[in-house]
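User: Hi! Could you walk me through this one? I'd like to go over some side chains and their partners.

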Amino acid sequence: MKNLNLVIRKKAIDIANAMVEEGYQENQAIPIATEQAKEWYDNATEAEKQEIKQKTDQALRATDHERSSRPELLDHGVHVLPDGDEWIVKTAHAEQAANRYQVKEEAIERGKEIAKNKGEQLAIHKQSGQIQDVLSY
């Protein structure tokens, strides 16, 4: 998210916060909110953009913490890891996987999406658990 235009980033945070409040997992809400914020920006009036721009970062953080989401995960890389016969996509230090796949390539594609949206690294692991490749976004 740190690579987004300020207004789009703030709108994405606002949308993601609402989604988390509705029960979405944060790691699912962030990419959806980012795409929705981009679409909103393309259609918003200048007054609407200005309103979001003036919303303080502190107000966004306060709302985020009130909802018990984990914004600190935005600053951690994403990993594609083996888990038995499946492949999981998981943010470093997250308690649970964002997604599970039978096919490694599908997990990698999802991992790329999440890492790009967060502006973080994607670490792709081998079946042995060793890191095979690291992509930076």
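Analyst: Happy to; we can go through charged pairs, a loop residue and a helix, keeping in mind that this is a predicted model.

User: Great. How many salt bridges does the structure hold?

Analyst: There are six. One of them joins the side chains of Arg100 and Asp83, at 2.6 Å from N to O. That pair links distant parts of the chain, with Arg100 in strand E3 and Asp83 in strand E1, 17 residues apart.

User: Are Arg100 and Asp83 buried or exposed?

Analyst: In between: Arg100 is partly exposed, with a relative accessible area of 45%, and Asp83 is partly exposed at 33%.

User: OK, what about salt bridges within helices?

Analyst: In helix H2, Glu35 pairs with Lys38, their closest N and O atoms being 3.7 Å apart. The two are three residues apart, about one turn of the helix. Another salt bridge, at 2.7 Å, joins Arg110 and Glu113, which are also separated by about one helical turn, in helix H5.

User: Why does Arg110 count as buried?

Analyst: Because its relative accessible area is 13%, and the cut-off for buried is under 20%. Its partner Glu113 is partly exposed, at 42%. On the subject of salt bridges, some share partners, and these join Asp83, Glu86 and Arg100 into one network.

User: Now Lys104. Which opposite charge is nearest to it?

Analyst: That is Glu105, 6.7 Å away. Lys104 is buried yet has no salt bridge, because a salt bridge needs the nitrogen and the carboxyl oxygen within 4 Å.

User: So what does the Lys104 side chain have around it?

Analyst: One of its polar atoms lies 3.1 Å from the backbone oxygen of His125. Leaving aside residues up to four places away in sequence, Lys104 touches Trp87, Ile124, His125, Lys126 and Gln132. Lys104 itself is in helix H5, residues 104-118.

User: Switching topic: where is Gln96?

Analyst: Gln96 is in the loop between strands E2 and E3. Its side chain makes a 2.9 Å polar contact with that of Gln25, a residue 71 places away along the chain, and their C-alpha atoms are separated by 9.9 Å. Beyond four places in sequence, Gln96 also touches Asn27 and Lys90.

User: Last one: how far apart are the ends of helix H2?

Analyst: Its end C-alpha atoms are 25 Å apart. That agrees with the 26 Å that 18 residues should span at 1.5 Å a residue. Several H2 residues are buried, among them Ile30, Pro31 and Trp40.

Technical notes:
Residues are numbered from 1 along each chain as its sequence is written. This is a predicted model: local features need pLDDT of at least 70, side-chain atom pairs count only at pLDDT 80 or more; totals for chains, interfaces and linings use all residues. Side-chain values use heavy atoms; hydrogens and water are left out. Helices (H or I, at least four residues) and strands (E, at least two) are DSSP runs, numbered from the N terminus. Buried means under 20% relative accessible area, exposed over 50%, partly exposed in between (1.4 Å probe, protein chains only). Lys and Arg count as positive and Asp and Glu as negative; His and the chain ends are not counted. A polar contact is a pair of N or O atoms within 3.5 Å; within protein, one must be able to donate a hydrogen and the other to accept it, and residues adjacent in sequence count only if both atoms are side-chain atoms. Contact means heavy atoms within 4.5 Å. The expected span of a helix is 1.5 Å times one less than its number of residues.
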